[in-house]
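This note is addressed to a colleague who meets the structure for the first time. Its points go from the contact between the chains to single elements and residues.

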Number of protein chains: 2
Amino acid sequence: MFKVTKKAEYGLRAMIILAKNFKSKQLVSVREISNKEKISFDFLEKIISQLEKAKIIKGSKGVNGGYSLTKSPNNISVRDIVNILEEFDRISNCPFCPRNKKCIAKNAWVKINASLAKALEQIKLSQLMR
Amino acid sequence: MFKVTKKAEYGLRAMIILAKNFKSKQLVSVREISNKEKISFDFLEKIISQLEKAKIIKGSKGVNGGYSLTKSPNNISVRDIVNILEEFDRISNCPFCPRNKKCIAKNAWVKINASLAKALEQIKLSQLMR
DNA sequence: ATAATATCAGACAGAATTAGTCTGCAATAA
DNA sequence: TTATTGCAGACTAATTCTGTCTGATATTAT
């Protein structure tokens, strides 16, 4: 239906919170984020885990453990996050479809994909912290 | 998963074919489009029907019947089509979410939605006919 | 050392959406 | 009047989404 999934929406919210704590180097636990953002703990844990595998955040186990960004919020775009959680940052796979190399619609989707990628790329986490 | 549905992809392809036949005022049947574009006839019929209800195309029954655009391909954008078939042309409903008026992520999705809408709007059917 | 806390991993499942299929009626042209 | 085409809607298999649940592992505080 043309929408980002909850995964990406929750993931972005979580990343913004981590961004806020980047300077102080404070770890934030999944439980804290879950409470603050009213996101299911179990579900959020899986999302966070996926972000960690992509090495955009890092986890520390044990009491007072939690997560932190591995790089500055200036260098993390919404596109980075979406790419990890959605596997695609494209609206349409049409440009990559093997059906017909001269597909009449391909041109449109190529352009639209590019515009979207650019829009996602331009927004950095640092802009969303305030 | 962040993608337009087949409905929108098929719908756009169908609309491009109708656009090609706009000048000659020739009707094109669902069967013809289905054959040419290798799209399931039954499924395509439903898509076309939805486009007709939105009055962006018009159907004529009977032998040698078919469909035609109700206005010039210059005045039909990809956004028009997507809006009809997907019900939304936004990537995220976050900006419209009642959860939290000061949601930290809202800003991002507002901008991304706007960029996408603009990209969809800018591409007219007339550009895709060649 | 032990208990508490937190990450980490993966199986499982209900609900929703997608992508069609199938049946039949209605209108029109040959 | 018959073949063709649009038109309408019920139905369904498959997939994806949005979680839940169980348990293991690592680390820290006591």
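1. The model is a predicted one. In it, 40 residues of chain B are in contact with 41 residues of chain A. Between them, the two chains bury about 3700 Å², and carbon and sulfur atoms account for 67% of that area.

2. The elements that contribute two or more residues to the side of chain B touching chain A are α1, α4 and α5 of chain B. Of these, α5(B) gives the most, with 9 residues. Sorted by class, this side of chain B holds 23 nonpolar, 6 polar and 11 charged residues.

3. Polar interactions across the interface may be listed next. Between chain B and chain A the rule finds 0 salt bridges. It does find 3 residue pairs in polar contact across this interface, with both residues at pLDDT 80 or more.

4. How is chain B superposed on chain A? A rotation of 180 degrees, with 0.0 Å of shift along its axis, achieves this with an RMSD of 0.1 Å. The two copies are thus related as by a two-fold rotation axis. Moreover, 100% of the interface residues of chain B are also interface residues in chain A, so the copies meet through the same surface.

5. Helix α4 of chain B, which spans residues 78-86, deserves separate comment. Its buried residues are V78(B), I81(B), V82(B), I84(B), L85(B) and E86(B). As a general point, an α-helix has 3.6 residues a turn, so residues three or four places apart point the same way.

6. Against which helices do the buried residues of α4(B) pack? In chain A the partner is α5 (106-122), while in chain B the partners are α1 (6-20), α3 (41-53) and α5 (106-122). After α4(B) comes E87(B), which has a positive phi, near 75 degrees.

7. A further residue to examine is I33(B), located in helix α2 (residues 30-37) of chain B. Is I33(B) buried or exposed? The limit for a buried residue is under 20% relative accessible area. I33(B) has a relative accessibility of 1% and therefore counts as buried.

8. The surroundings of I33(B) complete the picture. Leaving aside residues up to four places away in sequence, I33(B) touches A14(B), I17(B), L18(B), V28(B), K38(B), L44(B) and I48(B). One of these, L44(B), is 11 residues from I33(B) along the chain, and the C-alpha atoms of the two are separated by 8.5 Å.

Technical notes
Residues are numbered from 1 along each chain as its sequence is written. Chains are lettered from A and ligands numbered from 1 in the order in which they are written. This is a predicted model: local features need pLDDT of at least 70, side-chain atom pairs count only at pLDDT 80 or more; totals for chains, interfaces and linings use all residues. Side-chain values use heavy atoms; hydrogens and water are left out. Copies are superposed by least squares on the C-alpha atoms of residues with pLDDT of at least 70 in both. Contact means heavy atoms within 4.5 Å. Buried means under 20% relative accessible area, exposed over 50%, partly exposed in between (1.4 Å probe, protein chains only). Helices (H or I, at least four residues) and strands (E, at least two) are DSSP runs, numbered from the N terminus. Buried area is the accessible area (1.4 Å probe) that two parts lose on being put together, summed over both. A salt bridge is a side-chain nitrogen of Lys or Arg within 4 Å of a carboxyl oxygen of Asp or Glu. A polar contact is a pair of N or O atoms within 3.5 Å; within protein, one must be able to donate a hydrogen and the other to accept it, and residues adjacent in sequence count only if both atoms are side-chain atoms. Ala, Val, Leu, Ile, Met, Phe, Trp, Tyr, Cys and Pro count as nonpolar, Asp, Glu, Lys and Arg as charged, and the others, Gly among them, as polar.
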